[in-house]
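The following paragraphs lead through one protein model, region by region. Please keep the sequence and the structure in view while reading.

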Amino acid sequence: MKTVRFAIVGCGRIAQRHAHHIIEHSFASLDATFDIKEEAAKQLAAGSSAKPFSSFSDLLKDPSIDIVNICTPNGTHHELATQSLKAGKHVLIEKPMAITKEECEDIISTAFSCDKKVFVVKQNRYNPPVQALKELVDEGRLGRLYFVSVNCFWNRNDQYYLSSDWKGTRLLDGGTLYTQFSHFVDVLYYLFGDIVSPKGVIKNVSHADLIEFEDTGSFVFHFKNGALGNFNYTTSSYKQNMEGSLTVFAEKGTIKIGGKYLNTIDYQLLEDFVIEDLPQSNPSNDYGYYEGSMSNHDRVIDNAVRALNGSEKIMTNAFDGMKVVEIIEKMYEAAGYSPRRSIGTGSQQQEAVVQ
């Protein structure tokens with residue numbers, strides 16, 4: 001298998017996880033880093049053979065680089081991805097793929113015209129309970145789906161936003177569904193397909209003057225397969241993350257994937273079947289004063305290496321990445337919000353409701 005040569009653009013926390021798994025992989029090489037803060041690029045490159053670049057355009061001119069990992073603020077993904085593709089590089093984009101469906105479509109069009117591949121980081125797909133449920137759904141063992149309920153109850157304290165120059169901003173962050181909970185939207189789409197007719201309410205309940213959008217929301221919708229769904233979320237759980245769960249009610253069983261990050265099976269009663277002996281889930285991403293989703297970036301990097309060598313399909317391709325953004329847009333639009341049209345900031349933000 002041919003060694004795949006990576007560059008990382010944006011050298012913050014999540015980039016460190018990308019770098020670790022690239023360096024650890026037998027058929028991957030970290031060749032370049034770039035950040036508008038030059039010291040960050042140098043620090044990420046330290047201890048490896050990577051070259052820290054002070055210019056993104058110079059990095060793209062390096063003919064040895066096969067793929068660019070985009071680990072920058074959400075609102076910059078579109079521009080950096082299209083530039084990389086036009087320079088003849090594949091791209092691996094941290095979630096979300098972009099902030100609007102239109103931007104995602106442009107990335108897809110550019111990739112097609114340049115004959116390059118796009119990977120989107122949606123690591124929760126690899127969680128063993130998610131894979132077990134995927135198998136049940138694909139095989140039709142649950143029968144007709146009735147109702148799917150998602151609850152995401154996390155904590156993001158003041159320090160999380162005060163320590164960042166982009167998190168909580170409308171144009172670079174986009175919203176809580178983009179940065180915190182797009183993985184859960186992705187799992188919904190991965191398992192059950194697209195949604196229609198969302199209705200919802202969003203509100204900033206505890207982050208006044210810190211963020212330019214909601215911290216809490218509740219939505220109901222239908223899946224195109226006819227099932228009913230709801231999605232409840234907050235980043236105002238007291239002091240720590242509490243729950244990240246998905247419960248399915250179906251003709252032939254009920255199952256709840258829970259824990260904090262869809263990493264455990266908390267309940268199951270299935271017709272003539274029991275899910276057991278699942279592989280151990282990876283630990284969650286620990287960022288000190290808060291935790292993030294499951295740490296499956298090793299699987300993401302391995303998938304990119306194998307797909308570029310032609311031995312495996314892309315786990316989360318550009319179309320999947322676009323559909324997640326489209327669903328988030330539909331949900332936000334139903335609640336009267338758009339990352340390109342603010343509904344107010346901080347304590348002045350008003351509750352947005354669609355009846």
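Over residues 130-255 the chain is 23% helix and 35% strand, and the C-alpha atoms at the two ends are 11 Å apart. Helices (H or I, at least four residues) and strands (E, at least two) are here DSSP runs, numbered from the N terminus. In UniProt, an unreviewed entry places the feature "domain: GFO/IDH/MocA-like oxidoreductase" at residues 130-255. UniProt positions are given in the numbering used here, feature names are shortened, and annotations may be inferred rather than shown by experiment. The model is predicted: local features need pLDDT of at least 70, side-chain atom pairs count only at pLDDT 80 or more, and totals for chains, interfaces and linings use all residues. Residues are numbered from 1 along each chain as its sequence is written, and side-chain values use heavy atoms, with hydrogens and water left out.

A second annotated stretch is residues 4-120, which the unreviewed UniProt entry labels "domain: Gfo/Idh/MocA-like oxidoreductase N-terminal". Over residues 4-120 the chain is 42% helix and 23% strand, with 17 Å between the end C-alpha atoms.

Two helix pairs may be considered next. Two packed helices are described by the angle between their axes and the distance between the axes. Axes are lines fitted to C-alpha atoms, for helices over the stretch in contact, and angles run from 0 to 180 degrees between N-to-C directions. Helix 4 (residues 77-86) packs with helix 5 (101-114) at an angle of about 5°, their axes being 9 Å apart. Helix 4 and helix 5 are therefore roughly parallel to each other; angles under 35 degrees count as roughly parallel, over 145 as roughly antiparallel, 65 to 115 as roughly perpendicular and the rest as oblique. From helix 4, His77, His78, Ala81, Thr82, Leu85 and Lys86 meet Glu103, Asp106, Ile107, Thr110, Ala111 and Cys114 of helix 5, where contact means heavy atoms within 4.5 Å. The residues of this contact divide into 5 nonpolar, 4 polar and 3 charged. In this division Ala, Val, Leu, Ile, Met, Phe, Trp, Tyr, Cys and Pro count as nonpolar, Asp, Glu, Lys and Arg as charged, and the others, Gly among them, as polar.

Helix 6 (residues 128-138) and helix 9 (residues 182-192) form the other pair, with an angle of about 30° and axes 9 Å apart. Helix 6 and helix 9 are therefore roughly parallel to each other. Here Val130, Gln131, Leu133, Lys134 and Val137 in helix 6 meet Val187, Tyr190, Leu191 and Phe192 in helix 9. The residues of the contact of helix 6 with helix 9 comprise 7 nonpolar, 1 polar and 1 charged.

Cys114, one of the residues of helix 5 that meet helix 4, leads to the question of disulfides. A disulfide is a covalent bond between the sulfur atoms of two cysteines; the criterion applied is a pair of cysteine sulfur atoms within 2.5 Å. How many disulfides does the structure hold? The number is 0. The sulfur of Cys71 is 8.0 Å from the closest cysteine sulfur, in Cys11, which is too far for a bond. Cys114 is likewise in no disulfide, and the nearest cysteine sulfur, that of Cys104, is 17 Å away. Cys71 is buried, with a relative accessible area of 10%, whereas Cys114, at 25%, counts as partly exposed. Buried means under 20% relative accessible area, exposed over 50%, and partly exposed in between (1.4 Å probe, protein chains only).

Several loops show particular backbone geometry. In the loop between strand 5 (90-93) and helix 5 lies Pro96, which a cis peptide bond joins to Lys95, with omega about -15°. Leu262, in the loop between strand 12 (253-258) and strand 13 (264-270), has a positive phi of about 60° although it is not a glycine. Asp277, in the loop between strand 13 and strand 14 (284-286), has a phi near 60°, again a positive value in a residue other than glycine. Is each of these two sites buried or exposed? Leu262 is buried, with a relative accessible area of 0%, while Asp277, at 75%, counts as exposed.

Two further residues complete the account. Phe147 is placed in strand 7 (residues 145-153) and, at 24% relative accessibility, counts as partly exposed. Leaving aside neighbours within four places in sequence, Phe147 is in contact with Leu228, Gly229, Asn230, Thr247, Val248 and Phe249. Thr176 lies in helix 8 (residues 176-179) and is buried, with a relative accessible area of 0%.
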